[in-house]
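Here is a short tour in questions and answers. Take a look at the entry below, then read on.

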Amino acid sequence: MRKSKCTSERKNRIVRNKTLSKVENSTHTRTRLSKTFPYLKTCQHCGRKFKTHFHTQKYCSAECYANAIRNPKKQCEYCHIEFQPAHRHTKYCSVECYHLAIRTRR
Ligand SMILES: [Zn+2]
Ligand SMILES: [Zn+2]
């Protein structure tokens, strides 16, 4: 018995030769981006102040950005204060709230 498996697919790639439109090299464009950062922002994760070119930037570093995404701010289920949880599953802003919530739950 012969098993003939033909899984290889042929993909014909059409290579397009795009004629690149000539980019005009003007020597005076770089003066627009100055080295001074126009925006002074406060990092929404660590609260540090930082300077940036982008007014939409919220975090001072990629680290803070990743942490903020991983651990978004939560509202304490007991006192309803907004806080930054250390872990994703943290429900309360402090140990006190945690104990109080457990005690008053029943
Ligand atoms: Zn930060
Ligand atoms: Zn709380």
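**Confidence and layout**

Q: Over residues 14-21, how many contacts beyond four places in sequence does the model have?
A: This is a predicted model. Its pLDDT stays under 50 over residues 14-21. For contacts beyond four places in sequence, the count in this stretch is zero.

Q: What about residues 23-31: how many contacts beyond near neighbours in sequence are there?
A: Here the pLDDT is below 50. Beyond near neighbours in sequence, the number of contacts in the model for residues 23-31 is zero.

Q: What share of the residues reach a pLDDT of 70 or more?
A: The chain has a mean pLDDT of 77. The share of its residues at 70 or more is 66%.

Q: In what order do the elements of the chain run?
A: There are two helices and four strands in the chain. Read from the N terminus on, their order is β-β-α-β-β-α.

Q: What percentage of the chain is buried?
A: The chain has 106 residues. To be buried, a residue needs 20 or more other C-beta atoms within 10 Å of its own. Buried residues make up 5%.

Q: Of the contacts with a separation of 6 or more, what part joins residues 24 or more positions apart?
A: Take the contacts in the chain with a separation of 6 or more. Residues 24 or more positions apart account for 3%.

**The hairpin**

Q: In which sense do strand 1 and strand 2 pair?
A: Strand 1 covers residues 39-42, and strand 2 covers residues 49-52. Four bridges join them. Y39 shows one position in this pairing, standing opposite T52 in strand 2. The sense of the pairing is antiparallel.

Q: Which residue in the hairpin of strand 1 and strand 2 takes a positive phi near 80°?
A: The hairpin has six residues between the strands. The residue lies in the loop between strand 1 and strand 2. Its phi is positive, near 80°, and its name is G47.

Q: Is G47 buried or exposed?
A: The C-alpha atoms of G47 and C64 are separated by 9.8 Å, with their positions 17 residues apart along the chain. Around G47 there are 10 C-beta neighbours inside 10 Å. The cut-off for exposed is 12 or fewer. G47 therefore counts as exposed.

**Loops further along**

Q: Why does P72 count as exposed?
A: P72 sits in the loop between helix 1 (62-70) and strand 3 (74-75). A residue is exposed with 12 or fewer C-beta neighbours. P72 counts as exposed because its neighbours inside 10 Å number 11.

Q: How far apart in space are P72 and Q84, C-alpha to C-alpha?
A: Q84 is in the loop between strand 4 (82-83) and helix 2 (95-105). In sequence, P72 and Q84 are twelve residues apart. In space, C-alpha to C-alpha, the distance is 6.9 Å.

Q: Leaving aside neighbours within four places in sequence, which residues is Q84 in contact with?
A: Q84 has 16 C-beta neighbours inside 10 Å, so this residue counts as partly exposed. C46 is 38 residues away along the chain, and its C-alpha atom is separated from that of Q84 by 9.5 Å. Leaving aside neighbours within four places, the contacts of Q84 are N71 and K73.

Q: Which residue has a positive phi of about 60° although it is not a glycine?
A: The residue is found in the loop between strand 3 and strand 4. With 10 other C-beta atoms within 10 Å, it is exposed. C93 is 13 residues away in sequence and 8.5 Å away in space, C-alpha to C-alpha. The residue with this positive phi is H80.

Methods: Residues are numbered from 1 along each chain as its sequence is written. Chains are lettered from A and ligands numbered from 1 in the order in which they are written. This is a predicted model: local features need pLDDT of at least 70, side-chain atom pairs count only at pLDDT 80 or more; totals for chains, interfaces and linings use all residues. Two residues are in contact if their C-beta atoms, placed from the backbone, lie within 7 Å. Two strands pair if DSSP finds at least two bridges between them. pLDDT is the predictor's confidence in each residue, from 0 to 100.
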